[in-house]
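Colleague: Before we discuss the ligand sites, could you put the model in front of us?

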Amino acid sequence: MLSIFKRSLALLLAASLPVAAEIDPWQYNLTEGVTSVSQNVYGLHMFIFYICCIIGVIVFGAMFVSMYLHRKSRGVEASQFHESVKLELVWTIVPALILIGMAFPATKSLMEIYDTDNAELDIIVTGHQWKWQYEYRGEGVSFFSNLSQKSKDQIYSADAKSDDYLLDVDNPLVIPTGTKVRFLVTAADVIHSWWVPELAVKRDAIPGYINEAWTKVDEPGHFVGQCAELCGKDHGFMPIEVKVVSPEEFESWLGEKRAEAAAIAEAAKQTFTIDQLLEEGKVVYDTYCAACHQANGQGVPGAFPAIAGSPIAMGDVGLHMDRVLNGGVGMPPFGEQLTPVQSAAVITYQRNAFGNNMGDIVQPVDVVQYQQGQ
Amino acid sequence: MAHGPAKGFSRWLYTTNHKDIGSMYLWFSFAMFFLGGIFALVIRAELFQPGMQIVDPNFFNQMTTMHGLVMVFGAVMPAFVGLANWMVPMMIGAPDMALPRMNNWSFWILPFAFAMLASTLFMEGGAPNFGWTFYAPLSTTYAPASVTFFIFAVHIMGASSIMGSINIIATILNMRAPGMTLMKMPLFVWTWLITAYLLIAVMPVLAGVVTMMLMDIHFGTSFFDAAGGGDPVLFQHVFWFFGHPEVYIMILPAFGVVSAIIPTFARKPLFGYSSMVYATASIAFLSFIVWAHHMFTVGIPLLGELFFMYATMLIAVPTGVKVFNWVTTMWKGAMTFETPMLFSIAFVILFTIGGFSGLMLAIAPVDFQYHDTYFVVAHFHYVLVPGAIFSITAAVYYWLPKWCGKMYDETLGKTHFWLAFAGLNITFFPMHFSGLAYMPRRIPDYNVAFANWNMISSVGAFLFGAAQVLFLYIIIRTIVSGKKATDQVWEGATGLEWSVPSPAPYHTFSTPPEVK
Amino acid sequence: METKHEAYYVPEQSKLPLWASISLFLTVFGLANLFNSISAHKKAMLADSSLAPLGMFGHDGIYFVICGFIMFCFVLYTWFGQAIDENIRGLNSAQLKRSYVWGMGWFIFSEVMFFSAFFGALWYLRNISFPHLADASTNDILYNGNIEVEWPPAQTPDQIVNGDSASFVAPDKGMGWAGWGHVAKWLPFWNTVILLTSSVTVHIAHVALLKNNKKTFNLWLGITVALGIIFLGFQAFEYYEAVHHYGIKLHSGAYGFTFFMLTGFHGMHVFMGTFMLLVQWLRSVTKGHFTHDDCFGFEASSWYWHFVDVVWLGLFIFVYILG
Ligand code: HEA
Ligand code: HEA
Ligand code: CUA
Ligand SMILES: [Cu+2]
């Protein structure tokens with residue numbers, strides 16, 4: 001009851017103060033979240049917190065009383081007792097019993113979290129430096145999810161940040177309501193951790209291994225999270241957005257995604273002029289590559305090689321395509337993430353920008369052929 | 001052996017005297033505390049408000065990493081070894097440490113190790129940037145080249161710790177004055193005995209794990225790479241097998257310090273001496289079987305998860321015994337509140353708060369929400385700063401008069417305490433809130449929702465830092481121009497170290513005292 | 001408890017610790033530079049195949065390593081020499097000698113823990129990681145169901161994913177127990193016999209020393225050293241076999257690196273142990289050191305030797321028999 005009241009109050013406030021939106025800048029506690037797991041976890045958190053408070057009041061209370069009553073300035077004489085087996089037993093056994101009391105609900109809750117059986121939808125979640133990839137298993141839909149351009153633009157600007165700063169992505173994950181969704185979590189490079197607080201799901205993404213997690217959300221909604229394991233330079237910039245929609249909407253969204261994929265394959269058959277490619281290539285470069293190789297193409301010495309004057313960007317086209325599509329050590333593979341048009345454009349751009357002036361063109365068909373040849 | 005210290009620099013370079021070596025350890029650790037503190041201030045300055053203002057994300061990660069490493073290995077551990085060097089021989093009535101030359105070697109390795117570690121900041125590709133827990137493969141395949149220097153620095157500082165611990169164990173087991181039975185030893189000596197044992201057990205494991213990294217990086221093995229049948233999670237198991245006992249290495253000697261100070265100022269013997277000893281031993285034992293509580297989210301099988309959760313929760317019992325014993329020691333005493341006592345009382349309260357948040361973290365299902373958020377950062381700063389750092393500070397105020405024969409200025413000491421106490425809580429208490437509001441750790445930039453708490457934290461950090469500058473001033477002033485201290489210094493002080501003159505003569509107990 | 005007090009010898013100032021630190025620092029600083037430059041060069045060679053491998057002396061840091069290491073050996077030599085000298089001059093009380101005993105004992109314990117890390121890694125990779133790789137969802141999604149739990153693995157995950165371009169290539173066969181029929185040619189068996197025997201011979205030497213029978217002592221200690229050297233020879237031969245006839249390398253995946261790392265570190269310890277015993281033997285033969293109640297140098301080395309032997313038993317069981 002209380003929570004319904006609170007929520008409607010929040011809604012009212014949000015309606016009257018359009019700027020404040022969902023964010024409470026003085027938020028100081030976990031939220032209950034929207035799944036049965038998250039609500040259990042919240043309950044457990046408060047339960048243990050209260051127990052600690054009670055113990056704290058007793059212990060610190062005794063201390064303060066003693067500090068007040070038994071200070072030398074009141075002229076007290078120190079008594080010399082220093083042992084009592086009875087007392088020692090009491091304060092060994094009582095805390096032990098309290099702990100056993102905590103262990104029961106904790107065990108139950110943990111068992112629920114571990115129960116990944118009978119899922120109705122499998123999503124493979126792959127962490128990359130520094131973006132997420134979602135693949136709907138058996139649905140033919142797969143895409144990447146990056147920090148949104150809007151947030152990227154705000155990082156170094158002096159303007160006020162928007163409310164969803166660093167918590168919004170270009171392609172959110174979409175899942176249906178009332179469905180048990182299983183996440184198969186893994187990583188392509190280093191360890192990441194996929195975390196959406198409102199769902200109380202946090203699972204480490206270990207390269208080469210798959211971890212399982214699950215959720216079931218009953219009401220439509222919009223939830224955010226962040227990567228929760230240090231994964232290198234832009235660890236702070238790989239958010240997660242989840243949209244929960246009705247199963248019908250979900251189906252039609254899947255349809256759209258499939259149509260998009262078909263359109264991309266179609267576009268890859270076209271031929272472009274060098275100017276078109278350079279224009280598109282710059283956009284792709286700034287979006288995907290500049291994080292490491294820097295907007296001016298100079299890279300970061302010791303970490304990320306410069307593109308300007310790079311032996312690969314000014315050498316054999318095949319090697320260049322290989323590096324961009326398949327990656328290298330510390331360089332993620334972009335073959336799946338970029339469309340053939342984007343790949344062709346960015347490669348052409350790198351070969352001609354930053355004073356590289358190679359003058360050659362890579363067309364989308366070249367990329368497709370290269371990929372098929374593998 | 002009747003002669004005093006040598007003249008000039010050679011006194012420090014070539015010394016075999018436990019007091020000289022103890023002083024060098026303490027000054028070294030103080031310097032490292034400031035260095036680590038400066039790194040922390042860079043972190044706090046960048047986090048003062050959302051957006052990137054001061055450093056770039058990669059450098060931020062280097063700061064986080066170096067801050068953790070320098071504080072843990074450079075500030076806290078050497079400080080406790082320094083205290084052990086000064087106090088253990090005096091407390092058990094020994095002429096010096098058991099192996100005095102090796103003692104000096106243990107110390108002199110450290111400046112070289114940390115010079116090498118700090119030099120990575122100036123290398124191409126930058127310093128280690130993978131967190132003080134250096135999880136593979138971020139610290140192997142994806143690491144900057146400086147990781148090799150980091151690995152060797154860890155190797156030699158590990159060698160230093162092992163030699164230091166062997167020395168302490170040999171001293172305690174072999175050099176006690178006649179009549180000083182084990183169960184008569186001051187608790188500081190007991191806690192160090194057990195700490196040294198922990199160190200010898202886990203430092204080699206740390207050496208092992210960095211050796212595996214070295215092999216993965218340079219020699220084609222694949223310990224932490226699934227492609228060759230290895231496992232990144234293996235790294236975490238081996239690391240935390242070292243890492244969890246390591247955090248108790250940083251707190252057990254603190255328990256010893258506080259167990260010396262509270263009875264002195266309560267003018268009442270320590271309550272439950274033998275249960276304190278057993279509790280320390282139980283904590284040490286349990287510390288070996290709880291390491292995976294740092295890994296609740298990596299996908300350990302359910303049964304393993306439950307085992308580590310239960311074992312971790314159990315640590316609250318012996319730790320509770322200690323807290324209750326301290327409170328009962330104060331009960332019906334006749335207390336005064338000089339600076340060491342203030343720091344000790346703050347220790348008991350704030351460490352317990354840190355312990356409570358530790359217990360919350362131990363509950364695996366809830367740790368899924370806490371893990372890698374600022375709630376964890378709040379937890380460990382509460383056990384480390386008012387825990388380890390406050391106890392070291394208390395120890396310095398408590399024994400400084402014995403070391404240099406001069407008394408510090410009580411008013412300044414109390415000012416230091418209140419500034420530090422306020423600064424610390426302003427810095428670290430809001431981290432509980434930002435963490436529970438879901439702010440991840442190790443991020444250089446954050447959503448506006450976390451702005452308020454972070455701003456408060458940052459202000460507190462600078463206040464706390466300023467308090468430490470005052471501390472430095474107080475120490476120097478005491479050494480240079482403090483008033484002469486009496487031999488017993490504190491009215492309620494008992495123990496062998498108070499039976500010798502202040503300052504303690506260069507060689508104490510060439511003939512062992514008789515202990516009844 | 002100590003009943004009668006003798007003065008505990010606290011040495012005068014000593015330059016050795018500082019020099020030990022400096023030389024240790026030079027060694028590791030040089031090693032770090034050396035390793036980094038080797039790896040950087042290897043990487044450059046991948047990109048530009050015309051680059052020739054640099055010789056050992058073409059690398060940064062090697063001079064640091066050489067200087068540091070020689071200095072370090074010299075410091076240790078002086079240090080031990082001094083300690084022996086002090087003992088001969090009668091400066092060491094019984095209590096100080098006990099400090100040395102404790103010191104050696106805890107040092108060996110630290111070595112045990114170092115090995116535990118590697119044994120633990122072997123156990124974990126075989127019993128936890130491998131089954132996880134072969135587990136349904138991991139295996140199906142990442143490895144097309146091709147991972148089979150067997151030891152040594154027939155293919156590394158790298159080979160399953162990348163085929164011939166894999167950089168981790170599984171060994172052709174393992175070094176494990178091949179049945180009683182092959183025992184005569186199975187080196188690990190003979191190495192076990194050798195090491196166990198050497199533990200016995202060093203014990204015989206010890207017993208002889210306690211009876212002040214120096215001749216027997218020298219003889220049996222000499223035999224022990226010889227056995228140590230034979231062990232190392234066999235081990236070297238075994239490595240040759242492993243690399244050339246079994247295809248086991250450091251980059252052969254889990255089987256390869258656990259095999260080499262465990263046996264390699266053990267081999268290094270055998271080397272150290274042999275060297276320590278050799279030094280004691282030389283001291284006894286050429287200088288007549290050690291009497292029945294004053295033989296710490298020998299005893300410490302022999303404990304170390306027994307420790308090395310026990311580690312081998314662990315290896316024999318977990319790396320070879322179960323391997
Ligand atoms: C001095 C250092 C120190 C100490 C003493 C502790 C003490 C404890 N720690 Fe902490 N811990 C760290 C340093 C320390 N820790 C560090 C550095 C990290 C982070 C590492 C990293 O990731 O970088 C960490 C992280 C950490 C985690 C992992 C969190 C995560 O990453 O998700 C956990 C989880 O279980 C944990 C638990 C505990 C527990 C249960 C204790 C217990 O020992 C506390 C026991 C004390 C009490 C409980 C209070 C007193 C008791 C009573 C008054 C009795 C009655 C009480 C009850 C019955 C409740 N710690
Ligand atoms: C004993 C250990 C110890 C100690 C004492 C401290 C002390 C402090 N730590 Fe600590 N911290 C760790 C151990 C410790 N920390 C560890 C292990 C981590 C995890 C690292 C990781 O994630 O890998 C961590 C991480 C960590 C973070 C999280 C970083 C991140 O996740 O990105 C933060 C953020 O605020 C922080 C802040 C501080 C502050 C403000 C202090 C202050 O108490 C410091 C105070 C000291 C000084 C300020 C220096 C003295 C003063 C001067 C030099 C003079 C100049 C200053 C003024 C005049 C104001 N620390
Ligand atoms: Cu991905 Cu942090
Ligand atoms: Cu821990």
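Modeller: A residue counts as near a molecule if one of its heavy atoms lies within 4 Å of it, and please keep in mind that this is a predicted model.

Colleague: How many residues surround ligand 2, and which are the closest?
Modeller: The shell around ligand 2 holds 23 nonpolar, nine polar and three charged residues. Altogether 35 residues surround ligand 2, and the closest are B:Arg44, B:His67, B:Trp132, B:His381 and B:Arg442.

Colleague: Which residue places a polar side-chain atom 2.8 Å from a nitrogen atom of ligand 2?
Modeller: Two other polar atoms can be set aside, since they lie by oxygen atoms of ligand 2: a side-chain atom of B:Thr64 at 3.0 Å, and a backbone atom of B:Trp132 at 2.7 Å. The nitrogen atom of ligand 2 has its partner 2.8 Å away in the side chain of B:His381.

Colleague: Which element gives the most to the shell around ligand 2?
Modeller: Several helices of chain B give two or more residues to this shell, including H3 (57-92), H14 (374-404) and H16 (451-481). The one that gives the most, with eight residues, is H2(B).

Colleague: Why does ligand 2 lie between two domains of chain B?
Modeller: The shell around ligand 2 draws residues from both domains, so ligand 2 lies between domain 1 (14-188) and domain 2 (251-449 + 460-501) of chain B.

Colleague: Which residue is the only protein donor of the iron atom of ligand 1?
Modeller: The iron atom of ligand 1 is 4.5 Å from the copper ion (ligand 4). Its only protein donor sits in helix H14 of chain B, and with NE2 at 2.2 Å from the iron atom, that donor is B:His379.

Terms used:
Residues numbered from 1 in each chain as written. Chains lettered and ligands numbered in written order. Predicted model: local features only at pLDDT ≥ 70, side-chain atom pairs only at ≥ 80, totals over all residues. Heavy atoms only, no water. Polar contact = N/O pair within 3.5 Å; in protein donor to acceptor, adjacent residues only side chain to side chain. Helix = DSSP H or I, 4+ residues; strand = E, 2+ residues; numbered from the N terminus. Nonpolar A, V, L, I, M, F, W, Y, C, P; charged D, E, K, R; others polar. Domains from an automatic or database assignment. Donors = N, O, S within 2.8 Å, 3.2 Å for Na, K, Ca; no water.
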